[in-house]
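Trainee: I'm new to this one, and I'd like to know what stands behind the labels people use. Can we go through them one by one?

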Amino acid sequence: MVKPFHARMHGALLLGSLFALLPALPAFAADPVPAAEAPGPQLRANSLMLIPAPASVQPGQGSGITVSATTALYADGEAAQRVATQFADLLARSGGPRLALATGKAAAKAGGIRFQIIPTFRDSGESYTLDSTAQGVLVQAGNETGLFYGATTLAQLATGGSQGALPAVQIQDAPRFPWRGFMLDSARHFQSLDEIKRVLDAMSAHKLNTFHWHLTDDQGWRMEIKRYPKLTEVGSCRLPAGDGGIDPVTRQEYPYCGFYTQEQIREVIAYAAKLHIQVIPEIDVPGHATAAIAAYPELGSISTPLKPISEWGVFPNLFNVEDSTVSFLENVLEEVIALFPAKYVHVGGDEAVKDQWEASAQIQQRMRELGIKDEMAMQSHIIKRLETFLEEHDRRLIGWDEILEGGLPPQATVMSWRGIEGGLAAASAGHDVIMSPVGYLYLDYLQTASPNEPPGRPTQVNLGKLYSFEPVPDELPADKRGHILGLQANMFTEHTRSYARLQHNLFPRLAAVAETGWSPPGKRDFRDFLARLPSQLQRYRAWGLAYAQTPFEVGVEYHDDRAAGTVTVSLANPLGYEVRYSTDGQPVTAQSPLYQRPLTAKVPATVQAAAFYQGRMLAAEPTVAAFTPQSLLARRSDELLSCVGNKGLVLRLEDDGPREGARAVFNVDIFQPCWRWPQAQLDGIGSVEVRAGRIPYYFQLAHDEPNRRFEKARRAHGEMLIRRGSCTGKVLAEVPLPATPDADGFVSLRATLPKGTHGTDDLCINFTGDTRPAMWVLDEVTLQK
């Protein structure tokens with residue numbers, strides 16, 4: 001059989017676990033690149049190790065200075081001095097020397113660095129020029145923002161492996177788009193102030209200038225509103241599902257809580273402003289409102305008491321449509337406006353399932369009084385009222401593309417997330433647009449097929465796909481293209497409960513977002529980007545940034561012949577970097593053999609492999625793939641396919657406990673609990689052993705509910721069924737399921753196969769019955785002789 005294999009990378013030899021992919025994951029091969037281009041890095045002529053790529057680079061004669069601790073640093077005026085100080089800090093944090101700013105009116109000397117703001121500069125926006133010669137460096141701009149971006153470019157030139165040696169070059173640079181954004185969801189999982197600031201630091205170093213802060217949702221209200229204290233007293237706490245919500249010592253409920261005081265929010269805004277980042281708040285209306293309604297039940301559309309809960313998906317709970325509720329929202333926005341100086345306020349508008357409105361006699365009566373024809377128009381009515389309120393307070397409303405439905409308020413800006421279609425329609429109608437399509441710019445999607453990816457949505461937004469996104473559709477008329485303000489990557493945090501996971505999800509993908517938002521289309525080249533990326537990784541390491549290792553691992557595919565006792569192994573890096581390997585137990589180095597063709601060996605066999613660029617290993621650890629007779633008989637959930645293919649909803653989920661620390665991870669189709677081992681070799685196999693567990697079923701899926709398919713159980717607690725060839729075919733064996741698993745949350749189930757079972761065929765495993773609020777998950781399946 002032929003199937004993918006991806007080894008875990010924790011420095012330990014893998015002896016028993018072989019990892020593959022679920023159907024939502026394509027084969028572990030190179031990321032997609034622009035048409036007619038081959039994978040792998042390749043520098044353009046005149047390329048510098050800069051991300052994002054500058055608009056214009058003109059090489060000079062000879063070389064520039066070498067930046068060292070003795071390099072003089074000058075700045076003309078107070079604003080330029082602030083930038084020079086920030087440059088010195090960024091340079092030191094990025095692995096360069098610590099420079100001291102010259103004091104007083106010291107005259108600039110040859111061999112130094114000088115920052116200047118020129119009132120007559122050609123552009124008063126975010127542009128700058130940088131001239132590097134043997135006599136020194138001069139960075140100029142028309143304002144502090146442009147000068148700051150020149151400083152970030154210079155800090156890159158002097159780090160990332162350059163050893164401070166600057167080229168002789170003239171750079172004239174300006175961003176393509178005014179909105180280069182990143183959205184962080186602090187409602188599902190909460191980040192500390194220090195973590196928020198570290199994200200802002202990284203954003204600014206990539207020349208990203210908009211931080212969209214998602215502060216309210218069904219699972220939590222994270223912003224202090226003084227007029228309505230219960231929003232945080234009640235709405236900022238939820239009880240995690242299962243063992244995650246239990247104190248391991250007292251065994252009492254242990255809620256997950258957190259919110260930002262107004263003083264803390266001011267602190268974040270001020271910190272961002274120094275980095276030339278605007279902070280855009282989001283207060284969701286009319287959906288994603290469970291936490292607010294739990295705090296103030298009179299805001300809801302049903303009489304059932306609510307509470308913030310640790311479930312994910314689309315909730316039905318909407319604000320009602322009474323004038324008193326709109327007044328509540330206006331009062332909230334009044335405090336928001338007083339805190340946030342940015343021109344825009346985001347009001348959500350997405351995923352507002354209208355079932356409660358449709359079922360409410362009171363809401364239907366209110367719609368008749370207002371002469372509103374349907375629920376979408378009712379949502380539009382509320383959005384328009386909020387837009388009027390914001391306009392009266394010198395603010396502009398922005399919302400997700402659902403605000404197009406039912407009629408768009410005249411001055412509204414659309415954030416197009418369900419694709420580019422909403423943005424295309426809005427821009428064509430004369431509205432400003434930020435492109436943020438889920439298939440390209442959602443960072444909660446996994447970035448590779450590696451089993452070392454954290455929990456999330458297995459559909460990939462890999463680096464190549466993200467880089468290929470073009471924010472301005474070809475079909476948009478030329479006179480409307482100015483309405484595309486830019487792009488934004490979004491990080492929803494249902495599965496991101498730690499700062500380490502957040503860093504993994506963001507980097508290096510935010511580097512690709514930055515280049516798309518800043519660089520002219522003609523300067524964007526994925527292969528060139530990959531050649532510049534290793535220098536950026538060195539800066540990440542200097543910052544202490546825990547960027548994702550998975551794009552720089554080596555993936556392993558293998559074909560095994562159990563009867564012959566051999567395995568044939570194929571190696572590839574998902575970004576196309578060169579792969580070197582070792583089969584003799586020696587460490588992999590830049591001098592190890594270059595992988596060029598599949599390797600065949602007798603089992604047991606071990607392959608170590610790593611991706612390299614210019615002699616440097618890119619991942620922190622090599623991939624280690626060990627093949628034994630025993631390992632060829634076992635598969636984890638990562639290796640198995642969904643029985644229903646793309647008709648299911650596969651997620652990469654973690655166990656519910658322990659509350660803190662590492663948890664087991666499973667790939668699960670939450671629409672149907674079934675797994676398929678493709679082309680299992682059944683000769684000599686007498687039984688199948690499955691290690692299964694139970695985790696909470698914590699999903700609300702609104703109108704997707706009918707897509708769930710639970711095979712009917714015949715026993716009180718259901719069965720585990722083993723089928724051959726098809727997941728709807730004849731049952732080979734079945735085992736009754738217990739009422740509960742063992743104390744560790746797992747149970748081992750052994751199914752005896754009929755005598756004479758042989759050959760190679762698909763093996764399907766299914767758990768019957770609707771066991772919600774819990775569900776069975778498969779950890780590992782083993783064929784036994």
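Mentor: Sure, and let's begin with "contact": the word is used when heavy atoms lie within 4.5 Å. Bear in mind that this is a predicted model, where local features need pLDDT of at least 70, side-chain atom pairs count only at pLDDT 80 or more, and totals for chains, interfaces and linings use all residues. Residues are numbered from 1 along each chain as its sequence is written, and side-chain values use heavy atoms, with hydrogens and water left out.

Trainee: Then which residues does Phe 469 touch, not counting residues up to four places away in sequence?

Mentor: Phe 469 touches Ile 420, Met 435, Pro 437, Tyr 440, Leu 441, Leu 487, Thr 516 and Arg 524.

Trainee: And why is Phe 469 called buried?

Mentor: Buried means under 20% relative accessible area, exposed means over 50%, and partly exposed is in between (1.4 Å probe, protein chains only). Phe 469 has 3%, so it goes in the buried group. You'll find Phe 469 in the loop between helix H13 (463-467) and strand E22 (484-491).

Trainee: How far from Ala 377 is Phe 469?

Mentor: In sequence they are 92 residues apart, and in space 32 Å, C-alpha to C-alpha.

Trainee: What makes something a helix or a strand here?

Mentor: Both are DSSP runs numbered from the N terminus: a helix (H or I) has at least four residues, a strand (E) at least two. The protein chain has 16 helices and 40 strands.

Trainee: Let's try one in a strand. How do you know whether Thr 129 is buried or exposed?

Mentor: Its relative accessibility is 9%, so Thr 129 counts as buried. Thr 129 sits in strand E5 (residues 128-133). Beyond its neighbours within four places in sequence, its contacts include Phe 121, Leu 138, Val 139 and Ile 171.

Trainee: And one in a helix: what makes Ala 514 buried?

Mentor: A relative accessible area of 1% does it for Ala 514. The residue belongs to helix H15 (residues 509-518). Leaving aside neighbours within four places in sequence, Ala 514 is in contact with Pro 52, His 206 and Leu 208. Asn 46 is 468 residues from Ala 514 in sequence, and the C-alpha atoms are 20 Å apart.

Trainee: Why is Pro 119 called exposed, then?

Mentor: Pro 119 has 77% relative accessibility, so the exposed label applies. Pro 119 is in the loop between strand E4 (112-117) and E5.

Trainee: What is unusual to look for in the backbone?

Mentor: Look at phi. For Asp 394 phi is near 60°, a positive value in a residue other than glycine. Asp 394 lies in the loop between H10 and strand E17 (396-400), and at 64% relative accessible area it is exposed. Gln 614 also has a positive phi, near 50°, and is not glycine. With 63% relative accessibility, Gln 614 counts as exposed.

Trainee: Which peptide bonds are cis?

Mentor: Among them is the one from Val 603 to Pro 604, with omega near 10°. Another runs from Gly 657 to Pro 658, with omega near 5°. Pro 604 is in the loop between strand E26 (599-602) and strand E27 (605-613).

Trainee: How do H9 and H10 pack?

Mentor: Helix H9 (residues 361-370) and helix H10 (residues 375-392) pack at about 70°, with axes 11 Å apart. Axes are lines fitted to C-alpha atoms, for helices over the stretch in contact, and angles run from 0 to 180 degrees between N-to-C directions. Under 35 degrees is roughly parallel, over 145 roughly antiparallel, 65 to 115 roughly perpendicular and the rest oblique. That's why H9 is called roughly perpendicular to H10. The contact uses Gln 364, Met 367 and Leu 370 of H9, and Glu 375, Met 378 and His 381 of H10.

Trainee: Last one: how do you know how the protein chain compares with a compact globule?

Mentor: The radius of gyration is taken over C-alpha atoms, and the globule rule is 2.2 Å times the number of residues to the power 0.38. For 785 residues the rule gives a value near 28 Å, and the protein chain has 28 Å, so the two agree. Its C-alpha trace spans about 90 × 75 × 55 Å along the principal axes, and buried residues make up 59% of the 785.
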